[in-house]
Amino acid sequence: MPEPHHRFLRACLSLPTDRVPIWIMRQAGRYLPEYLAVRKQAGDFLSLCKNPELASQVTLQPIDRFGLDAAILFSDILVVPEAMGMGLSFGTGEGPILEHPIRSAGDVDRLIVPDPTRELDYVMQTIRTIRTALADRVPLIGFSGSPWTLATYMVEGGSSKNFSRIKGMLYDRPEVLQALLDRLVSAVTDYLNAQIRHGVQAVQIFDTWGGVLGHDEFLKFSLESMCQIVAGLDRIGPDGARVPVILFAKGCGAHLERMAESGCDVVGLDWTTALGQARVRAAGRVALQGNLDPSVLYASPERIRREVERVLTAYGAHPGHVFNLGHGIAPDCDPQKVAGLVAAVQEFSFGGAHR
Ligand code: CP3
């Protein structure tokens, strides 16, 4: 199989690169004035997600502005529960609202496993539009939420602080939660395979809420369903290239070895894990992505540069590092600071003999 030439794809496959690639979780979004202008044009966030032309425009905004090494599809993890039949809206300032929360086995039974080329066809159209607009400048990353993370929104009915309803379900009615997770495994596997068929060149599974689970509960109720998805993915794209799979589970650094055995190519880490030790623990089985604390972007440009150097030095002169924040960029981030961050990664990691 031919080796990819893009440094992001090469790093995902632990191949040598000229320098460390960088992209940023939630890189298209509210901290960019040009994003707010396009969202206004679309009317609201969900309408923007469903408009392939405008969603493609905002996908490219951070690429044009900062020269990042990968683009990520502009969409949201919650379009899958919506396509399964749950009403979805985004109240201003309140976060997402899922209209008919899942509380019983009957609620799970009523969920459909969507045909991604029907209920989620607008995402497939967006992927095609972005690939044309990118013209192979950088690779396009597709994504989905993990079954556990999607289930938290579906059971709680929105964002949650203490996850009381889904935790109650986990301990008292584990068979209901398991039925929901099984249905999500099918939906997410079909959805990511459709994204791959339509042209995404890597995929990331976001397990934003894996870290709220106990040790054994994470393995049983989150990692297990992610492993099933990884096993069901078509790892070769329509152009014959390998499609790397990234698992990002926030607050789950303790489970790195288990995640590395999932069959994924890259494990994404947040900033609570020591990156140098993580590389040793991964033992060459996977590449690593991360892991600058997003709050470093509130610091001075000089301090940001020092912290970038610290992350790069911690990983060291080895292949298989994708620079990223340890979680999504904050809406009140100053875009100038991001420009400084990208420049620092480019400068400090350039010409490492090994990469
Ligand atoms: O990374 C990117 O630039 C691609 C787009 C993207 C969005 N959401 C756009 C978005 C991606 C990859 C996501 C993933 C996502 N969505 C996650 C997992 C990653 C993470 O950050 O933990 C989660 C948990 C969601 C669910 C979600 N979407 C919530 C809880 C909210 C409301 C809170 C918030 O951040 O606003 C959203 C809305 C959302 N998704 C926005 C954007 C740009 C803001 C909507 C707006 O413009 O008002």
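Let's start with the sheet: seven strands line up in the order 1-4-5-6-7-8-9, with parallel pairing, and the sheet is open. Strand 1 (71-72) and strand 9 (321-325) are the edge strands, so called because each pairs on one side only. Keep in mind as you look around that this is a predicted model. What holds such strands side by side? Strands of a sheet pair through backbone hydrogen bonds, either parallel or antiparallel.

Now zoom in on part of that sheet. Strand 4 (residues 140-145) pairs with strand 5 (residues 202-207) in the parallel sense, over five bridges. If you want one spot to check, find Gly142: its bridge partner in strand 5 is Val203. Move one strand along, and you'll see that strand 5 and strand 6 also run parallel, joined by five bridges. Here Ile205 stands opposite Leu247 in strand 6.

Strand 6 deserves a closer look. It covers residues 245-249, and five of its five residues are buried, so the rest of the structure largely encloses it. Which way do its residues point? Val245, Leu247 and Ala249 point one way, while Ile246 and Phe248 point the other way. Both groups are buried.

Next, slide along the chain from strand 4 to helix 8. This helix spans residues 147-156, and 10 of its 10 residues are buried, so to speak of it as mostly covered is fair. Among them are Trp148, Tyr153 and Met154, and also Glu156. Just after the helix comes Gly157, with a positive phi of about 85°.

Helix 8 has a neighbour worth meeting. Leu181 sits in helix 10 (residues 174-197), and with 0% relative accessibility it counts as buried. What does Leu181 touch, once you leave out residues up to four places away in sequence? The list is Pro147, Trp148, Ala151 and Phe221. Pro147, Trp148 and Ala151 are buried residues of helix 8, which ties the two helices together in your picture. For a sense of distance, Leu181 and Glu94 are 87 residues apart in sequence and 26 Å apart in space, C-alpha to C-alpha.

Gln195 is in helix 10 too. Is Gln195 buried or exposed? It is buried, with a relative accessible area of 0%. Setting aside residues up to four places away in sequence, Gln195 touches Leu73, Met124, Ile127, Gly142, Phe143 and Val200. You've already met Gly142, the residue whose bridge partner is Val203.

Over in strand 8 (residues 287-292) you'll find Ala287. Its relative accessible area is 0%, which makes it buried. Ala287 and Leu13 are 274 residues apart in sequence, but their C-alpha atoms are 6.8 Å apart in space. Beyond its neighbours within four places in sequence, the contacts of Ala287 include Ala11, Cys12 and Ser14, along with Asp265, Val266, Val267 and Gly320.

Time for some backbone oddities. Most residues other than glycine have a negative phi, and most peptide bonds are trans. Strand 8 holds Asn291, and the peptide bond from Gly290 to Asn291 is cis, with omega near -5°. Arg26 isn't a glycine, yet its phi is positive, about 60°. You'll find Arg26 in the loop between helix 1 (7-12) and helix 2 (33-42), and it is exposed, with a relative accessible area of 53%. Asp136 also has a positive phi, near 65°, without being a glycine. It lies in the loop between helix 7 (121-134) and strand 4, and at 38% relative accessibility it counts as partly exposed.

Finally, step back and take in the whole chain. How many helices and strands does it have? There are 15 helices and nine strands. The radius of gyration is 19 Å, close to the 20 Å that the globule rule gives for 355 residues, so the chain is as compact as a globular protein of that length. Along its principal axes the C-alpha trace spans about 60 × 45 × 45 Å. Buried residues make up 56% of the chain. Of the contacts between residues at least 6 apart in sequence, 72% join residues at least 24 apart. The accessible surface comes to about 14000 Å², and carbon and sulfur atoms account for 50% of it. As for charge, there are 35 positive and 39 negative side chains, and the centres of the two sets lie 3 Å apart.

Key. Residues are numbered from 1 along each chain as its sequence is written. This is a predicted model: local features need pLDDT of at least 70, side-chain atom pairs count only at pLDDT 80 or more; totals for chains, interfaces and linings use all residues. Side-chain values use heavy atoms; hydrogens and water are left out. Helices (H or I, at least four residues) and strands (E, at least two) are DSSP runs, numbered from the N terminus. The radius of gyration is taken over C-alpha atoms; the globule rule is 2.2 Å times the number of residues to the power 0.38. Buried means under 20% relative accessible area, exposed over 50%, partly exposed in between (1.4 Å probe, protein chains only). Contact means heavy atoms within 4.5 Å. Accessible areas come from the Shrake-Rupley method with a 1.4 Å probe; for residues, only the protein chains shown count as cover. Lys and Arg count as positive and Asp and Glu as negative; His and the chain ends are not counted. The place of a charge is taken as NZ of Lys, CZ of Arg, CG of Asp or CD of Glu. Two strands pair if DSSP finds at least two bridges between them.
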